[in-house]
Number of protein chains: 2
Amino acid sequence: MALIVQKYGGTSVGSVERINAVAQRVIRARREGHDVVVVVSAMSGETDRLIALAKTIADRPAPRELDVLLATGEQVTIALTAIALEKHGCPAVSYTGQQVRILTDSAHNKARIMKIDAAVLHRDLKAGKVVVVAGFQGVDERGNITTLGRGGSDTTAVALAAALKADECQIYTDVDGVYTSDPRVVPAAHRLDKVTFEEMLEMASLGAKVLQIRSVEFARKYNVRLRVLSSFKDGPGTLITSEEDSMEEPLISGVTTNKNEAKLTVLGVPDKPGIASRILGPIAAANIEVDMIVQNVGADGTTDFTFTVNRTDYDHALDILKKAAAEMKARAVEGDNKIAKLSVVGVGMRSHAGIASRMFETLAAENINIRMISTSEIKISVVVDEKYIELGARALHTAFGLDRAVD
Amino acid sequence: MALIVQKYGGTSVGSVERINAVAQRVIRARREGHDVVVVVSAMSGETDRLIALAKTIADRPAPRELDVLLATGEQVTIALTAIALEKHGCPAVSYTGQQVRILTDSAHNKARIMKIDAAVLHRDLKAGKVVVVAGFQGVDERGNITTLGRGGSDTTAVALAAALKADECQIYTDVDGVYTSDPRVVPAAHRLDKVTFEEMLEMASLGAKVLQIRSVEFARKYNVRLRVLSSFKDGPGTLITSEEDSMEEPLISGVTTNKNEAKLTVLGVPDKPGIASRILGPIAAANIEVDMIVQNVGADGTTDFTFTVNRTDYDHALDILKKAAAEMKARAVEGDNKIAKLSVVGVGMRSHAGIASRMFETLAAENINIRMISTSEIKISVVVDEKYIELGARALHTAFGLDRAVD
């Protein structure tokens with residue numbers, strides 16, 4: 001008998017019918033002999049509805065009060081889920097973040113979990129009950145309701161699994177696992193049985209939006225066995241686990257694509273210390289997130305500095321950069337918002353030379369020009385013209401042996 | 001400077017526009033130098049929507065979980081109200097019943113308030129904030145969310161006023177006060193400036209649905225100065241106060257009507273001890289509420305027993321009564337669901353003889369036959385044929401000098 005934390009997102013609890021389906025799935029796990037803690041999000045669309053309601057009153061609603069408002073979304077779902085479980089004869093009890101006590105800091109709208117009291121939940125489990133916990137929310141030291149920010153329910157589930165020392169944390173979503181690439185881009189993409197935390201982190205940050213990135217960090221830190229599954233069809237899903245568990249490591253686990261990118265370059269900046277911060281300082285001050293950063297050494301004591309931002313921030317970033325460049329007497333500012341990022345990810349590349357060169361050769365063979373390169377220990381990303389992204393992804397997927405075996 | 005508790009019902013916070021209007025009204029009270037605690041209900045329709053949602057899952061939702069669900073209704077309103085106040089530059093802080101700590105017993109869906117911690121609220125008021133509290137909800141000793149049942153927000157407001165030792169508890173509704181009679185029935189009806197708790201209790205139970213009856217009892221017990229006002233138009237409203245405050249007591253304060261009644265009679269029951277309980281026991285067991293009860297002594301060792309119930313319970317009550325009558329060997333069972341109740345209420349009648357006779361004379365002069373009579377210290381109720389109810393109410397309103405003075 002195992003203790004399992006099951007997390008169901010907004011789509012999985014988006015209607016009364018789906019909540020009933022969740023109840024059936026929980027009851028099945030119980031019949032298999034497991035103790036179950038269920039973490040649920042707000043019904044799909046509900047959080048957006050509540051935010052819109054607040055914004056009709058104030059453009060920038062008081063953050064403390066916005067949290068009080070948003071927390072009702074999951075509170076509705078925990079009650080309905082518990083009602084569904086009890087109707088089917090399964091004893092259940094619901095808890096808000098405040099009731100569990102999921103203690104967070106006081107950063108409203110983006111709070112971080114500090115501590116979870118698991119005693120009450122253990123007592124309920126021992127009494128044969130399914131415990132239904134509201135995701136996304138907690139309470140600070142002074143009793144104020146807080147929320148964890150978008151995707152926070154995944155983090156709640158993992159944090160609960162860690163606090164309860166659960167055997168597995170199952171994240172139910174609308175996909176049936178983690179894929180080697182986006183199946184809409186690469187038709188030959190296939191589901192991975194296993195992926196390491198490190199690979200999942202790189203994939204998540206590269207645009208494979210299966211799991212919220214903070215929850216993966218949390219799972220790695222507390223060594224929580226994490227599994228991504230579909231709430232709509234049965235299957236083993238993908239197990240996300242620490243590296244040691246993976247006996248046979250594939251070279252590359254996946255190819256990811258991200259079209260939501262734009263590139264900005266400052267040309268001919270005096271190559272002196274402090275340049276990077278003078279360029280990126282005003283960008284950060286405007287709350288624009290920077291993704292890749294590349295600096296090339298130039299010939300005449302100047303350098304070229306390039307970085308990428310979310311495409312929606314492109315115009316804003318370009319304006320800021322032009323002012324900064326003028327102050328620094330840079331030669332010119334260039335930008336391109338028709339680019340995309342293509343990456344290969346895999347812990348296997350650490351110990352294998354030649355991954356980068358095989359990647360570049362493959363792209364060259366397709367006549368795809370590389371505009372920018374950035375690497376980490378287990379990832380290589382290149383920026384290419386947007387129009388080549390699908391072609392490049394498919395070529396790399398094949399080149400690294402990821403294509404699904406023909407049945 | 002006074003401390004005022006203002007309570008706004010579902011209609012008064014039924015939309016974003018109305019919540020903004022509530023904020024304006026609160027801010028006006030603050031400008032007049034008062035400290036304000038605001039108690040709000042769920043937005044109109046929201047509680048019914050949530051109940052319907054639960055019932056699509058289970059016919060009889062688990063009571064504990066239904067409370068978790070329903071409590072979200074007021075939680076939405078407190079957040080939106082606080083957001084509206086802060087947008088207008090008025091510092092505000094919202095509290096759920098659990099956060100205040102409004103301690104109740106554990107009777108889910110109909111809990112009773114046991115204790116309120118006012119310390120936190122006093123601290124916020126001292127810091128210059130408006131405190132916005134969710135009505136209708138509380139928390140039990142073990143931290144379970146509870147609700148007080150329909151109309152519970154009035155009780156929350158009065159209980160808070162008592163705990164805070166507020167100078168006045170203002171209940172904002174869609175009427176501008178308590179009237180001498182229902183203006184739709186008696187056009188000459190006028191607003192009362194003052195009414196005693198006792199009269200208000202009689203009026204509330206007789207169908208003048210301005211205030212929830214438990215809240216009036218609470219106000220009387222803790223001597224809370226209670227005022228009913230309109231949230232849509234300005235005016236002094238009606239002050240509900242203890243008897244001593246009323247210097248000049250009118251004979252009669254109001255004439256009330258209630259058409260939601262049906263009458264049942266058991267004829268020729270053996271006049272022995274225990275008869276009443278043998279008749280009413282099965283009725284109570286079926287959760288049917290009984291209003292008036294009258295028993296007449298008969299001639300031949302038998303008695304006639306008559307009582308009234310809500311008209312919606314008439315058929316059910318008649319079925320039960322026929323069975324009970326057969327067992328008791330009663331002569332017959334009669335029923336009438338085309339009756340109505342007409343009452344005059346006033347603490348003045350205690351010290352004045354002749355109220356009853358003037359009432360009966362007035363009805364006789366209009367050829368209205370009295371079918372049943374019941375009296376309390378400050379009330380006389382008669383049952384008449386439904387068709388006479390408007391005529392009777394207007395005649396009594398005039399006879400007791402309640403008609404509005406012609407301007």
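User: What turn and shift lay chain A on chain B?
Analyst: A turn of 180 degrees with a shift of 0.1 Å along the axis does it, at an RMSD of 0.1 Å. That is the relation of a two-fold axis. The superposition is by least squares on the C-alpha atoms of residues with pLDDT of at least 70 in both copies. Bear in mind that this is a predicted model, where local features need pLDDT of at least 70 and side-chain atom pairs count only at pLDDT 80 or more, while totals for chains, interfaces and linings use all residues. Residues are numbered from 1 along each chain as its sequence is written, and chains are lettered from A and ligands numbered from 1 in the order in which they are written.

User: Which residue of chain A comes closest to the rotation axis?
Analyst: Thr72(A), with its C-alpha at 2.6 Å. The same surface serves both copies, as 100% of the contact residues of chain A recur in chain B.

User: OK, the interface. How many residues does the contact take from each chain?
Analyst: 28 from chain A and 28 from chain B. Two residues are in contact if their C-beta atoms, placed from the backbone, lie within 7 Å.

User: Which helix of chain A gives the most to that side?
Analyst: H3(A), with 14 residues. H1 (16-31), H2, H3 (63-87) and H4 (97-100) of chain A each supply at least two residues there. Helices (H or I, at least four residues) and strands (E, at least two) are DSSP runs, numbered from the N terminus.

User: And what is that side like by class?
Analyst: The side of chain A that touches chain B has 17 nonpolar, eight polar and three charged residues. Ala, Val, Leu, Ile, Met, Phe, Trp, Tyr, Cys and Pro count as nonpolar, Asp, Glu, Lys and Arg as charged, and the others, Gly among them, as polar.

User: How do H2(A) and H3(B) cross?
Analyst: Their axes come within 9 Å and cross at roughly 30 degrees. That makes H2(A) roughly parallel to H3(B), and the crossing is right-handed. Axes are lines fitted to C-alpha atoms, for helices over the stretch in contact, and angles run from 0 to 180 degrees between N-to-C directions. Under 35 degrees counts as roughly parallel, over 145 as roughly antiparallel, 65 to 115 as roughly perpendicular and the rest as oblique. As for hand, a crossing is left-handed if the near helix is turned anticlockwise from the far one by less than a right angle, and right-handed if clockwise.

User: Which residues make the contact?
Analyst: From H2(A) they are Leu53(A), Ala54(A) and Ile57(A), and from H3(B) they are Leu80(B), Ile83(B), Ala84(B) and Lys87(B). Six are nonpolar, none is polar and one is charged.

User: What about H3(A) and H2(B)?
Analyst: Axes within 9 Å again, crossing at roughly 30 degrees, in a right-handed way. Leu80(A), Ile83(A), Ala84(A) and Lys87(A) of H3(A) meet Leu53(B), Ala54(B) and Ile57(B) of H2(B).

User: Within chain B, at what angle do H2(B) and H3(B) pack?
Analyst: About 150 degrees, with axes 9 Å apart, so they are roughly antiparallel to each other. The contact uses Glu46(B), Thr47(B), Leu50(B) and Ala54(B) of H2(B), and Leu66(B), Leu69(B), Leu70(B) and Gly73(B) of H3(B). By class that is five nonpolar, two polar and one charged.

User: Switching topic, what domains does chain A have?
Analyst: Domain 1 (3-174) and domain 2 (255-399), with bounds from an automatic or database domain assignment. Their centres, taken over C-alpha atoms, are separated by 38 Å.
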